[in-house]
Amino acid sequence: MDHDTTALAQLADDVVALIAERGPATAPGATVEANVRASRSRHGLTRFANSFIHQHVGEDTRTVAFTVAVDGRTASTSTTRVDPASLREAVDTAIASAAEQPVDPHWPGATPPVEVTPRRAFDPATAEGDPARRAEGVRAFVDAAGDLAAAGYLDTEASWEAFASTAGHRAADASTRATVDGIHQTARSAGSAHETSSRLADLDAARSGARAADLARRSEDFVDVEPGAFEVVLAPEAVSTMLTFLAVYGLNAKAHLDGASFAEPGQAQFDPAVTLLDDPTDPRAVGLGFDAEGSPRGGVTLVEGGVTRALAHDRRTAGRTGAATTGGAIPGGEAIGAVPLSLRMPGGSTSPADLVAGVERGLLVTTFNYVRVLEPKSQLATGLTRNGTFLIEDGEVSQAVGNLRFTESFLDALGPGRVLGVGDDDRLADGEFGPGMVTCPSLRLARFTFTGGASG
Amino acid sequence: MFEHASKAVEAALAAGATYADARVVIRRGERLSAQNGELEAVGNDLDAGVGVRALVGSSWGFAASSDLGDDAAAARAGAEATSTAKASALVPGRGLELADVAVVEDAYETPHRENPFDVALEEKVAVVVDATATMAGLDGVAVATAQLMFWDTEKWFVSSQGHRIHQHLVESGCGMDATAVGEHETQRRSYPQSFGHVETGGYEVIRRFDLPSHAPRVAEEAVQLLDAAPCPSGELDLILESSQLALQIHESVGHAIELDRILGWEAAFAGTSFLSLPELGSLRYGSELMNITADATIPGALATFGYDDEGTPAQRVDIVRDGTWVGVLSGRDSAHLAGLAPGGMVRADGFNRMPMVRMTNVGLEPGESSLEEIVAETKHGVLMATNRSWSIDDKRLNFQFGCEIGWEVRDGKRVRMVRNPTYTGITPQFWSRLDMLAGREEWHPWGVPNCGKGQPMQVGHTGHPASPARFRGVRIGVTG
């Protein structure tokens, strides 16, 4: 199984040709443009709970998705029926549908030719997705703890995609991803671990299992603490959640145009220790070399030394503002806007242990759970801690504590003067919205507000 | 399509599965959205393929293929499902068995009057464009959006036990919101509820909710909220309008009673439940007024169907009776393990996803009061409407909700609008404080079209009938 995208490139070309052929027949006299994506996704997933595999899933799906514009009136279609007759029907329906609509004022035109360098973050063994290899990984995760109850998943995914536009742009790439994500549980507690890479062989499920088990065992004899404002050390998963919300709701040009974003480019909105990049060039990044509009996923500095520098753009918002696309278009993104698909906060020089060592009294948080934004402009959010929360006293982890609910503005939490340390443990972290999107380190923050404990 | 599914089942059995079933699914979706009087997007999706489930020992294997072109592809998917399940033997558990259900050959179709895909696009575009133009026309409204959404799903289900079931489901929904932007915050109002409301049925659903006629009020309230007083803080009486109560039911009851969560099958991501099976039949979930059912037969409700994705017929199951926990949401495997009757509550998000326990229409049976009566009998409280945010812990105990709008109630009257209303609580304590409940006239089958669960994430369509209710002494106004 290799990264060859020839067949998909041909399929995308065929659909462009079909649109060129059917346009005059379905919408006589009109100018018909289109962006076409032909993709294949092969996903294998091994889920385990109560320390055994209970669901084992394989999926192989081909999809053609395209946006047609008839004299600037647009319609989008996605279909898994990719035989010629079905595609012809889908194209005719889409052109007829587009022709009936008002002009789309923000349609930027079919994507013109632009150089795209395939990332080729592709590993044939991962693409193969052998269920026995995934099961071996699960065995290692489970065995790492012995008598604890394990649950989680180990998955492999391969994506091949080709892009073609009526304006002559062509791009193709393939990528793979593998993730192990799981918990070990005692009767009263749980601990978690997460690893993601473009190569299955990079994952060490036994190491993850041992980490999760250690957190679970150290959390078992927890006590409840009174809610309030605490200094905190957040592990990468918790930081990843914060950064995801800031990026999706705020560092998003469409949200900014709508007036719903906190972002004020040029302003020092964050602590000087905060730098955020959309960085597909990082060797750990997963994903394709282009976005849903066929634009190259380029590196962009969103926040530099605490100063908001740029926003994520697709071609729609770029056209409205005179900016350049940052390659952040996502399928169906007309309403949502662009998303930094490879968000990265560079690591610092302090070990996680030294971050803890600097705290007189505070909390160490492994992950957040079920985080939701209460108010997008201020980034006021609520959620809970999960899978290992600990009290820090005099620079040492002194006691496990029960899960706490926080109500805190992420913007304030990372604001000027609030970041007291940046860990050297930056890695791909899971942040509630799926693996492979955020690379970040642990952080020590001056203040984080907890508004409730497990008992209310 | 039955033959295609049968080939998959036969191949799974030939490869060694003890049980197999297959679903051919063809799902068509359409979504229109507009912003500020301009059409934003029209999208059509077609997902079609076959998904095969094979049981070997303690594990399900599942394989899916989008190739409906020839039977050989279905057979390959069937064999792959079994071989994948066999690979699980490296990490085995207790063998799974399936609770008995009647084996049927049957068909079901959603009752609907107007096929939404036959309605002229021009008419549908006019609804969202006009509604957003009206809202955006009010000074102070920065962003006005509206959406229509439709799904037409055909399923052919075949099992190795002899099921052959064809279903045609039709779902229609709509939603709109106006956002007013202040210097430091935004305020939003939505209709009919936040994130859109969906029912089973045709375009008649859209006509009934009539977005354009509600647009002026929605816009005015969004602007008014910018200058409204902050929500008071403290332990006050909480009155919830029915769509917020629907989400309260969804999060603090619906997910908690999912048997796969109770058994630990979703522990890593979605979480578990504060409920444990030995407490079934005795645990006090709430006050005497609390009567919850899971009913997949309510006409028009979003989770109404003929059979679930295991071939179990739609049914009504008591979940909480007079405040006592008495039922769960289950599938054939989880029900057998727990020694319960299967509830017909297993569904998948398309052909390429493994079916899992899903809420049907989990709702609160109506009481005998009314919203106006509840307000009139409240000395000091806050009436909250329309969800804005939701968060609950992994055991479904500790929750915090934010609503779009509130009205402070004093001495039986709404005295002022309040902004950023929130409340928090612990599930059984909260439900024990339910003391007034509006009647059937105000009971509405709210539909939630965006319930996430599973790995990979599946989006489920669930229903939650509810009427306005009062909860005494709730912690209100959590601000951080």
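The following dialogue discusses salt bridges, one buried residue and the contact between two chains in a predicted model.

Colleague: Where should one begin with the salt bridges, and to how many does the count come over all chains?

Modeller: The count comes to 57 salt bridges over all chains of this predicted model. An example in chain A is the pair D147(A) and R217(A), whose closest N and O atoms are 3.1 Å apart. D147(A) lies in the loop between α4 (131-143) and β4 (149-165) of chain A, whereas R217(A) belongs to helix α5 (residues 205-219), so the pair ties together parts that are 70 residues apart in sequence.

Colleague: Are D147(A) and R217(A) buried or exposed?

Modeller: D147(A) is exposed, at a relative accessible area of 66%. R217(A) counts as partly exposed, at 41%.

Colleague: Which residue forms a salt bridge with R53(B)?

Modeller: The partner is E310(B), and the closest N and O atoms are 3.1 Å apart. This pair links distant parts of the chain: R53(B) is in strand β2 (residues 38-56) of chain B, and E310(B) is in the loop between β11 (292-295) and β12 (316-321), 257 residues apart. R53(B) is buried, with a relative accessible area of 2%, and E310(B) is buried as well, with 1%.

Colleague: What joins D260(B) and K453(B)?

Modeller: Their side chains meet in a salt bridge of 2.9 Å, taken from N to O. Because D260(B) lies in helix α7 (residues 259-262) of chain B and K453(B) in strand β22 (residues 444-453), the pair ties together parts that are 193 residues apart in sequence. D260(B) counts as buried at 3% relative accessibility, and K453(B) is buried at 1%.

Colleague: Which residues of chain A are linked in a network of salt bridges?

Modeller: The network links D279(A), D282(A), R284(A), R344(A) and D426(A).

Colleague: Turning to a single residue, why does E365(B) count as buried?

Modeller: The cut-off for buried is under 20% relative accessible area. E365(B) has 15% relative accessibility, and therefore counts as buried. E365(B) is placed in the loop between β16 (362-364) and α9 (371-376) of chain B.

Colleague: Which residues are in contact with E365(B), leaving aside its neighbours within four places in sequence?

Modeller: They are N291(B), T293(B), R316(B), L437(B), R440(B) and W443(B). With T293(B), the side chain of E365(B) makes a polar contact of 3.1 Å.

Colleague: How is the size of an interface given?

Modeller: Often as the accessible area lost when the parts come together. Between chain B and chain A, the buried area is about 6000 Å², with carbon and sulfur atoms giving 50% of that area. Chain B supplies 79 residues to the contact and chain A supplies 74 residues.

Colleague: Which polar and charged pairs are found between chain B and chain A?

Modeller: The count of salt bridges between the two chains is four. One salt bridge joins D394(B) to R386(A), with the closest N and O atoms 3.5 Å apart. There are also 37 residue pairs in polar contact across the interface of chain B and chain A. On the side of chain B that touches chain A, the largest share, 11 residues, comes from β2(B). The residues of that side divide into 36 nonpolar, 27 polar and 16 charged.

Colleague: How many bridges join strand β2 of chain A to strand β3 of chain B?

Modeller: Six bridges join strand β2 (residues 52-70) of chain A to strand β3 (residues 59-65) of chain B, and these strands run parallel. Within β3(B), A64(B) is the bridge partner of E59(A).

Conventions:
Residues numbered from 1 in each chain as written. Chains lettered and ligands numbered in written order. Predicted model: local features only at pLDDT ≥ 70, side-chain atom pairs only at ≥ 80, totals over all residues. Heavy atoms only, no water. Helix = DSSP H or I, 4+ residues; strand = E, 2+ residues; numbered from the N terminus. Buried < 20%, exposed > 50% of the residue type's maximum accessible area, 1.4 Å probe, protein only. Polar contact = N/O pair within 3.5 Å; in protein donor to acceptor, adjacent residues only side chain to side chain. Contact = heavy atoms within 4.5 Å. Buried area = accessible area lost by both parts, 1.4 Å probe. Nonpolar A, V, L, I, M, F, W, Y, C, P; charged D, E, K, R; others polar. Pairing = 2+ DSSP bridges.
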